[in-house]
Amino acid sequence: MSDEGIPEIRGFRTRALVWLMHRFFLVRRGMTLGVRAACFDTEGRIFLVRHTYIPGWYMPGGGMEPLETALDALRKELREEGNLEIRGEPELFHVYYNRNASKRDHVLFYRVTVEQTAPRAPDREIAESGFFPLDALPKDTTSATRRRLKELGGEAERSDYW
């Protein structure tokens with residue numbers, strides 16, 4: 001049996017699930033707010049994750065829960081997705097409107113220095129993760145991740161859209 005059709009099926013199922021989740025959050029919350037971070041180690045490498053349910057490499061992050069502060073959400077997501085601990089003060093780089101997710105989604109984007117407390121083992125959410133030199137990112141790093149890194153490096157103007 002060929003696996004060629006599986007990414008398309010997974011893609012459809014993932015898009016349907018994301019669509020349903022955003023509709024649920026629209027009713028429940030009105031507006032969704034998330035955090036994401038460019039996490040650098042002391043060698044200047046960026047930490048990226050590859051999820052099991054969508055293609056590409058991303059910077060870690062996720063949605064904020066009710067009664068959760070942005071920094072609490074950031075710490076939680078970095079711990080869950082990479083066993084990362086923040087060193088120093090997180091720098092809020094920009095707030096983006098993520099119209100690709102929904103009409104009401106915003107992302108708080110931070111720049112942080114991190115230390116990994118232990119390697120992150122793959123599981124049902126994270127297929128792979130690791131630190132990469134900026135000039136040697138994985139081939140399928142998402143275009144949004146690459147744009148954010150160019151903005152951070154001063155190579156591109158900040159956009160208001162994720």
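1. Where does Leu67 lie? In this predicted model, Leu67 sits in the loop that runs between strand 4 and helix 2. Its phi is near 70°, a positive value in a residue other than glycine, and with 92% relative accessibility Leu67 counts as exposed. Most residues other than glycine have a negative phi, and a colleague checking the backbone may wish to look at this loop with that in mind.

2. A second residue belongs with this point. Asn83, which is not a glycine either, has a positive phi of about 55°, and Asn83 is found in the loop between helix 2 and strand 5, following directly on helix 2. Asn83 is partly exposed, at a relative accessible area of 22%, whereas Leu67 is exposed at 92%.

3. On the overall arrangement, the protein contains three helices and seven strands, and along the sequence these elements come in the pattern α-β-β-β-β-α-β-β-β-α. Of its 162 residues, 41% are buried. Among the contacts with a separation of 6 or more, 68% are accounted for by residues 24 or more positions apart. The exposed surface of the protein comes to about 10,000 Å², of which carbon and sulfur atoms supply 54%.

4. Helix 2, covering residues 70–82, can be checked for its span: at 1.5 Å a residue its 13 residues should span 18 Å, and because the end C-alpha atoms are 18 Å apart, the expected and modelled values agree. The buried residues of this helix are Ala70, Ala73, Leu74, Lys76, Glu77, Leu78, Glu81 and Gly82, a list that holds charged residues, such as Lys76 and Glu77, beside nonpolar ones, such as Leu74 and Leu78. An α-helix has 3.6 residues a turn, so residues three or four places apart point the same way. What covers the buried residues of helix 2 includes strand 1 (32–40), strand 2 (46–51), strand 4 (61–63), strand 5 (84–97), strand 6 (105–116) and strand 7 (126–132).

5. Which residues touch the most other members of the largest nonpolar core? That core has 19 residues, and those with the most contacts to other members are Val35, Cys39, Leu74, Leu78, Tyr110 and Val112. At least two residues of this core come from each of strand 1, strand 2, helix 2, strand 5, strand 6 and strand 7. Apart from it lies another core, of 16 residues, which includes Ile46, Met59, Phe132 and Trp162. In soluble globular proteins, nonpolar side chains tend to be buried together.

6. Leu74 deserves a separate look as a member of both the helix 2 list and the largest core. Once residues up to four places away in sequence are set aside, Leu74 touches Val35, Arg36, Ala37, Ile86, Pro90, Tyr110 and Val112.

7. One of those partners, Arg36, lies in strand 1 and is buried without a salt bridge, the nearest side chain of opposite charge being that of Glu81 at 5.6 Å. A salt bridge here requires a side-chain nitrogen within 4 Å of a carboxyl oxygen. Beyond its neighbours within four places in sequence, Arg36 is in contact with Tyr58, Met59, Pro60, Gly61, Leu74, Val107, Leu108, Phe109, Tyr110 and Trp162.

8. Elsewhere charged side chains do pair, and a search of the whole structure finds nine salt bridges. Arg148 pairs with Glu151, with the closest N and O atoms 2.8 Å apart, and because the two are three residues apart in helix 3 (residues 143–152), about one helical turn separates them. Both partners are buried, Arg148 at 0% relative accessibility and Glu151 at 6%. Salt bridges that share partners also join Asp41, Glu43 and Arg45 into one network, and within this network the closest N and O atoms of Asp41 and Arg45 are 2.6 Å apart. Asp41 is buried at 11%, while Arg45 is partly exposed at 27%.

9. The remaining pair to note is Arg87 and Glu115, where the closest N and O atoms are 3.2 Å apart. This pair links distant parts of the chain, with Arg87 in strand 5 and Glu115 in strand 6, 28 residues apart. Arg87 counts as partly exposed at 39% relative accessibility, and Glu115 counts as partly exposed at 43%.

Methods. Residues are numbered from 1 along each chain as its sequence is written. This is a predicted model: local features need pLDDT of at least 70, side-chain atom pairs count only at pLDDT 80 or more; totals for chains, interfaces and linings use all residues. Side-chain values use heavy atoms; hydrogens and water are left out. Helices (H or I, at least four residues) and strands (E, at least two) are DSSP runs, numbered from the N terminus. The expected span of a helix is 1.5 Å times one less than its number of residues. Buried means under 20% relative accessible area, exposed over 50%, partly exposed in between (1.4 Å probe, protein chains only). Contact means heavy atoms within 4.5 Å. Accessible areas come from the Shrake-Rupley method with a 1.4 Å probe; for residues, only the protein chains shown count as cover. Lys and Arg count as positive and Asp and Glu as negative; His and the chain ends are not counted. A nonpolar core is a set of buried Ala, Val, Leu, Ile, Met, Phe, Trp, Tyr and Cys residues joined through side-chain atoms within 4.5 Å.
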